[in-house]
Amino acid sequence: METTYSPKPVISIQNLDHYFGQGQLRKQVLFNINLTINAGEIIIMTGPSGSGKTTLLTLVGGLRSAQSGSLQVLDRELCHASSEELTQARRSNGYIFQAHNLHGSLTAIQNVRMGLEVHHGITPQEMLTRSQAMLAAVGLEHRLNYYPDSLSGGQKQRVAIARALVNQPKIVLADEPTAALDKQSGRDVVELMQKLAKEQGCTILLVTHDNRILDIADRIIYMEDGHLVRDGVSAVAMEK
Ligand SMILES: Nc1ncnc2c1ncn2[C@@H]1O[C@H](COP(=O)(O)OP(=O)(O)OP(=O)(O)O)[C@@H](O)[C@H]1O
């Protein structure tokens, strides 16, 4: 009998609503979101300011708690999850934000090493070797001991990518990773994310306003006023 391959979802969202505030100030910002993301997919989420993209990203990342509907990430239900469960969930992901969030008092390699410190059982030497290899993979082997202040915007963002990926996470969540970068550095950064993610088989969910990078996506999701209004295979992915 012929078996058909069905991709495994790493993120499965059903009827998800989200509200901010209490009482009379309570405001609904996400409405009945339904979305399935499979292993290895690169998904770009776009849409106007205030449409709920970051809110959805932070819910998926376990950075805030989901209250209504179902949100399964790597087979873990995050809706109504306890704070311990959310902490566990956060440890499975890599995060890349607009402002790179590097520690100014730590060198590039020390920043990357932090991405490994949530995991026990790795020797200090192995941490160093893996951090060094990851910085080499993002082209910064000559900048290991530089502090963030002496790196360019693109280099800082590459350190942030190395930190997010050093742990080989199954899911990488990125919020406007190119916003602070010029056109070429932005392009370099997302192409690097794409290459490394494909090599490691990880899934990327990336929020952006930057139309110049839409072509790296396998699928583009469009949000408007808290609704997911379009979910489609990108034109470039169809040509692949
Ligand atoms: N912590 C919060 N408390 C109350 N309201 C919030 C909070 N965070 C976001 N909101 C509101 O939720 C809605 C969605 O915001 P969100 O940041 O998710 O949008 P976005 O699409 O990511 O916008 P942008 O593209 O500008 O980053 C907005 O109306 C915003 O004002």
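**Exercise 1. Burial and pairing of strand 6**

Determine why strand 6 (residues 93-97) is described as largely enclosed by the rest of the structure, and identify the strand joined to strand 6 by five bridges.

*Solution.* The model under study is predicted.
Step 1. A residue counts as buried if 20 or more other C-beta atoms lie within 10 Å of its own.
Step 2. Four of the five residues of strand 6 are buried, and therefore the rest of the structure largely encloses this strand.
Step 3. The strand sought is strand 7 (residues 171-175), which runs parallel to strand 6.
Step 4. Within this pair, alanine 174 of strand 7 is the bridge partner of isoleucine 96.

**Exercise 2. An open sheet and its edges**

Establish the strand order of the four-stranded open sheet, and explain why strand 2 and strand 5 each have one side without a neighbour.

*Solution.*
Step 1. The order of the strands is 2-1-4-5, with antiparallel pairing.
Step 2. Strand 2 (27-38) and strand 5 (76-77) occupy the edges; each has a single partner strand, so one side of each lacks a neighbour in the sheet.
Step 3. Strand 1 (residues 9-20) is joined to strand 2 by eight bridges, and the two run antiparallel.
Step 4. In this pairing, leucine 16 stands opposite isoleucine 33 of strand 2.

**Exercise 3. Helix 1 and the ligand shell**

Locate helix 1 (residues 53-60) relative to the strands, and describe the composition of the shell around the ligand.

*Solution.*
Step 1. Helix 1 lies across strand 1, strand 2 and strand 4 (68-73), and its direction makes an angle of about 60° with strand 2.
Step 2. The ligand is surrounded by Phe20, Gly21, Val29, Gly47, Ser49, Gly50, Ser51, Gly52, Lys53, Thr54 and Thr55.
Step 3. Helix 1 supplies the largest share of this shell, namely three residues.
Step 4. By class, the shell comprises eight polar residues, two nonpolar residues and one charged residue.

**Exercise 4. The overall fold**

Assess how the radius of gyration of the protein relates to that of a compact globule, and state which share of the residues counts as buried.

*Solution.*
Step 1. The protein contains seven helices and ten strands.
Step 2. For 240 residues, a compact globule would have a radius of gyration near 18 Å; the protein has 18 Å, so the two agree.
Step 3. The C-alpha trace spans about 50 × 50 × 45 Å along its principal axes.
Step 4. Of the 240 residues, 38% count as buried.
Step 5. Among contacts between residues at least 6 apart in sequence, 67% join residues at least 24 apart.

Notes
Residues are numbered from 1 along each chain as its sequence is written. This is a predicted model: local features need pLDDT of at least 70, side-chain atom pairs count only at pLDDT 80 or more; totals for chains, interfaces and linings use all residues. Two strands pair if DSSP finds at least two bridges between them. Two residues are in contact if their C-beta atoms, placed from the backbone, lie within 7 Å. Axes are lines fitted to C-alpha atoms, for helices over the stretch in contact, and angles run from 0 to 180 degrees between N-to-C directions. A residue is near a molecule or strand if its C-beta atom, placed from the backbone, lies within 6 Å of it. Ala, Val, Leu, Ile, Met, Phe, Trp, Tyr, Cys and Pro count as nonpolar, Asp, Glu, Lys and Arg as charged, and the others, Gly among them, as polar. A residue is buried if 20 or more other C-beta atoms lie within 10 Å of its own, exposed if 12 or fewer, and partly exposed in between; C-beta atoms are placed from the backbone. The radius of gyration is taken over C-alpha atoms; the globule rule is 2.2 Å times the number of residues to the power 0.38.
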